[in-house]
Amino acid sequence: LICCGDFHPIRDKKDLDAMTVPEEHKDMKDFHKYYRGERQAPVNTLFIGGRTEPWNFLREHYFGGWVAPRIYYMGCAGVVRVGPLRIAGISGSFSPADYFRGHHECPPFTDDTKRTISHVREWDASRLEKLQEP
């Protein structure tokens, strides 16, 4: 399963507080059950981050990694091989004002950095542009 953004891997209230969504849309859903091992994804799941993610958590996995059993985050810009397929993805949304800036956001996040942390950066895009066949 491939999820292209807004996966919302929310572990706890701290993750909800880090998101830039209206209060009425802040809901735990059920990812925390997968994160704690109470449930297991029925199929391997691959995802990239969207605009409204808990970036405090995803930034801990900047280069990608397993966020729960059978659930893999591709990082800010990542590539994986699944059988004969090579899948590349870049997380976030485009903002011309931040594209050429570095990743400067760090906790504790302000209202402004909660928004800008999700913006795609040239650095991440350039890593994917350099991909070549082995």
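This is a conversation between a learner and a modeller about reading a predicted protein chain.

Colleague: Before we start, what kind of model is this, and how are residues numbered?

Modeller: It's a predicted model, where local features need pLDDT of at least 70 and side-chain atom pairs count only at pLDDT 80 or more, while totals for chains, interfaces and linings use all residues. Residues are numbered from 1 along each chain as its sequence is written, and side-chain values use heavy atoms, with hydrogens and water left out.

Colleague: How many helices and strands does the chain have?

Modeller: Let's begin with what counts: helices are DSSP runs of H or I with at least four residues, strands are DSSP runs of E with at least two, and both are numbered from the N terminus. Here you'll find five helices and six strands. Starting at the N terminus, the order is β-α-α-β-α-β-β-β-β-α-α. The radius of gyration is 15 Å, close to the 14 Å that the globule rule gives for 134 residues, so the chain is as compact as a globular protein of that length. That radius is taken over C-alpha atoms, and the rule is 2.2 Å times the number of residues to the power 0.38. Along its principal axes, the C-alpha trace spans about 45 × 40 × 20 Å.

Colleague: What share of the residues is buried?

Modeller: Buried means under 20% relative accessible area, exposed means over 50%, and partly exposed is in between, using a 1.4 Å probe and protein chains only. In this chain, 46% of the 134 residues are buried. As for the surface, about 7,900 Å² is exposed, and carbon and sulfur atoms supply 56% of it. Those areas come from the Shrake-Rupley method with a 1.4 Å probe; for residues, only the protein chains shown count as cover.

Colleague: And what do contacts tell me about the chain?

Modeller: A contact means heavy atoms within 4.5 Å. Take the contacts with a separation of 6 or more: residues 24 or more positions apart account for 61% of them.

Colleague: Which strands could I use to practise reading a pairing?

Modeller: Two strands pair if DSSP finds at least two bridges between them. Try β5 (residues 77-82) and β6 (residues 85-90), which run antiparallel and are joined by six bridges. One pair to look up is R81 and its bridge partner in β6, R86. This hairpin has two residues between the strands, and G83 takes a positive phi near 60 degrees.

Colleague: Where else is phi positive?

Modeller: Look at the loop between β1 and α1, where D6 sits. D6 is not a glycine, yet its phi is positive, about 55 degrees. H8 is in that loop too, and its phi is near 60 degrees, again positive in a residue other than glycine. D6 is partly exposed at 41% relative accessibility, and H8 is partly exposed at 21%.

Colleague: Is P9, in the loop between β1 (2-4) and α1, buried or exposed?

Modeller: P9 is buried, at 0% relative accessibility. Setting aside residues up to four places away in sequence, P9 touches D15, F31, F47, E53, P54, F57 and L58. P9 and F31 are 22 residues apart along the chain, but their C-alpha atoms are separated by 5.5 Å.

Colleague: How do I read residues on a helix?

Modeller: As a general idea, an α-helix has 3.6 residues a turn, so residues three or four places apart point the same way. For a case here, go to helix α1 (residues 13-17), which holds K13. K13 is exposed, with a relative accessible area of 56%. D15 is also in α1, but D15 is buried at 0% relative accessibility. Beyond its neighbours within four places in sequence, D15 contacts P9, I10, P54, N56 and F57.

Colleague: Which residues are buried in helix α5 (residues 122-129)?

Modeller: D124, A125, S126 and L128 are buried there. What covers them includes β5 and β6. To relate the two helices, compare C-alpha atoms: K13 and S126 are separated by 34 Å, and D15 and L128 by 28 Å.

Colleague: Where is there a cis peptide bond?

Modeller: The bond joining P107 and P108 is cis, with omega about -5 degrees. You'll find P108 in the loop between β6 and α4 (111-116).
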